[in-house]
Amino acid sequence: AYYYTEPSRTFSEYLLLPNLTTKDCTPANVSLKTPIVKFKKGEKPDVSLNIPFSSAVMQAVSDHGMAVALARCGGISFIFGSQSVQDQAEMVRKVKGYKAGFVVSRSNLTPDHTLKDVLQLKEKTGHSTVAITDNGSPTGKLLGIVTSRDYRVSRDAQDKRVADFMTPFSSLIYGKSGITLSEANDLIWEHKLNCLPIVDGHQNLEYLVFRKDYDAHKENPLELLDSNKSYIVGAGINTKDYEERVPALVEAGVDVLVIDSSDGYSEWQRETIQYVKANFNAKIGAGNVVDREGFLYLVEAGADFVKVGIGGGSICITREAKGIGRGQASALIEVAQARDEYYRETGIYVPICSDGGIVHDYHITLALAMGADFVMMGRYFARFDESPTRKLRVGNNFVKEFWGEGSNRARNWQRYDTGGKQGLLFEEGVDSYVPYAGSLQENLDKTIGKIKSTMCNCGSLSIEELQQKARITLVSATSIVEGGAHDVILKESSLSEE
Ligand code: MZP
């Protein structure tokens, strides 16, 4: 056997040291844009994200609802593959069908309502809507609602609805213009117009809706309308039924595929990647791996990105059940070094995704600093309204259900299969609850705020800069204690004692 001399380590064993923060290094100037598929030096990746977040390929996390919500915030969901090919393709189709930018609908909302009210209305009516607020936050004043293509109202009624709805907001509505939405967008940006473009089902502009006090510099409604484009979505596949699953997903419009497996260093994965590359013009990630050899094997097989992590997931008992895995930080550091070396030698940059084991928000910043281009999270997203599971009351707390793909509940045997008899012989995941945490957007805003602030402490305005400049130190067990509140009597606990 080969013995590693260093123990394998987790994120909580590391801290970042601050670098000089220059005056222009403010959270507002930080960009979290990141590539998720490979690209050649000097070129741009075909698919990138505005925030380095992806939601896990899990029944309890990534359905079409989560996918739309996360894509709207700039991330991506990978729709779970442990369901029939038809059901998974249908979910992808639903996400791609959420084409925003068609009709402004009438509702009982007034300018005093907030995005929260819109979300409640959306839940009640089931309409797919994008709400536009004056400062982009849920508490901002509502400027308008844009519904999707499938919002059915007759032509006349629709016109009336637009007019009625916009009356409280608008100072002016221009009638039919005969230009396309993208032409309109160019005009709007060139002239910095304070307006919303409304288009018909053929993407031709029907109205420009203006609001007197609308400040186009504060918020870019066109970005929220994501123009002429649908939301980005990924989907998980396995190494067993890919010849049936991949064509259906591609046909449904999926943007990125990923082979979902607890151990990706296998000939099964190489064959799957090669099948996809030979038959489709599709992007495909592979994994999971925890070392240099696994990374290079998948890259040479043609993977567009590689997922890192075995056994660190919150619901995962693989390490206990089988004794394989590696501390997430050690795995990531080694794979990132292999990726950088590969880039220097070939000029091809292969993004890596740190998957599983993120517990605190700062773990995300650490993962990025250690070389991850984006992270994948299950537990984090499972806590929100948008995850597909039930919200329950346990004692005095609200919780959401969250179960592993290797649990008896999910029975995703393909994820753990190493050949041989089909079926799940033993469990590698648990069925659990996570504390309910509210809406995705509110929580993401906070997490992103923390990441950007830490990046400023590290003097970095982009993920790439953070990766180059970060100074990371190991912490001793005693100094971890020093990091929390200590040697004080916390007010909350002393009050509850009374
Ligand atoms: P976490 O964000 O909840 O800590 O981890 C989520 C990750 O755990 C998933 O993306 C996947 O890689 C992994 N996972 C999913 N199910 C299991 C299991 O049942 C698992 N063992 O390990």
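Just after helix α12, Gly 371 takes a positive phi of about 125 degrees. Helices (H or I, at least four residues) and strands (E, at least two) are DSSP runs, numbered from the N terminus. The structure is a predicted model, in which local features need pLDDT of at least 70 and side-chain atom pairs count only at pLDDT 80 or more, while totals for chains, interfaces and linings use all residues. Residues are numbered from 1 along each chain as its sequence is written.

Helix α12 itself covers residues 361-369, and 7 of its 9 residues are buried, so it is largely enclosed by the rest of the structure. A residue is buried if 20 or more other C-beta atoms lie within 10 Å of its own, exposed if 12 or fewer, and partly exposed in between, with C-beta atoms placed from the backbone. The buried residues of α12 are His 363, Ile 364, Thr 365, Leu 366, Ala 367, Leu 368 and Ala 369. Of the 498 residues of the protein, 45% count as buried. The protein contains 17 helices and 23 strands.

A closed barrel of 8 strands follows the order β5-β6-β13-β14-β15-β16-β18-β19, with parallel pairing. From one strand to the next, the twist averages 25 degrees. Axes are lines fitted to C-alpha atoms, for helices over the stretch in contact, and angles run from 0 to 180 degrees between N-to-C directions. Two strands pair if DSSP finds at least two bridges between them. Strands β5 (residues 53-55) and β19 (residues 374-377) run parallel and are joined by 3 bridges. Ser 55 has Met 377 in β19 as its bridge partner. Elsewhere, helix α9 (residues 292-301) lies across β15 (283-289) and β16 (305-308), and runs at about 160 degrees to β15.

Two helix residues illustrate the packing. Met 66, in helix α1 (residues 64-73), counts as buried, with 29 C-beta neighbours inside 10 Å. Two residues are in contact if their C-beta atoms, placed from the backbone, lie within 7 Å. Leaving aside residues up to four places away in sequence, Met 66 touches Ser 55, Val 61, Ser 77, Phe 381, Glu 386, Ser 387 and Pro 388. The C-alpha atoms of Met 66 and Val 95 are separated by 9.5 Å, with the two residues 29 places apart along the chain. Thr 272 belongs to helix α8 (residues 267-279) and is buried, with 26 other C-beta atoms within 10 Å. Apart from residues up to four places away in sequence, Thr 272 touches Thr 239, Tyr 242 and Ile 259. Its C-alpha atom is separated by 9.2 Å from that of Ala 301, which is 29 residues away along the chain.

The ligand is surrounded by 22 residues, of which the closest are Gly 313, Gly 378, Gly 404, Gly 406 and Gly 429. A residue is near a molecule or strand if its C-beta atom, placed from the backbone, lies within 6 Å of it. Strand β19 and helix α13 (379-382) are the elements that give two or more residues to this shell. By class, the shell has 8 nonpolar, 10 polar and 4 charged residues. Ala, Val, Leu, Ile, Met, Phe, Trp, Tyr, Cys and Pro count as nonpolar, Asp, Glu, Lys and Arg as charged, and the others, Gly among them, as polar.

An unreviewed UniProt entry lists Gly 311, Gly 313 and Cys 316 under "binding site". UniProt positions are given in the numbering used here, feature names are shortened, and annotations may be inferred rather than shown by experiment. Gly 311 lies in the loop between β16 and α10 (318-322) and counts as buried, with 26 C-beta neighbours inside 10 Å. Gly 313 lies in the loop between β16 and α10 and is buried, with 29 other C-beta atoms within 10 Å. Not counting neighbours within four places in sequence, Gly 313 is in contact with Gly 356, Gly 357, Gly 378 and Gly 404.

The feature "active site" is placed by UniProt (unreviewed entry) at Cys 316 and Arg 415. These positions span 100 residues in sequence, yet no two of their C-alpha atoms are more than 12.7 Å apart, so they gather at one spot. Cys 316 is situated in the loop between β16 and α10 and is buried, with 24 other C-beta atoms within 10 Å. Beyond four places in sequence, Cys 316 touches Gly 311, Gly 356, Gly 404, Glu 428 and Gly 429. Arg 415 is found in the loop between β21 (397-403) and β22 (431-435) and is buried, with 26 other C-beta atoms within 10 Å.
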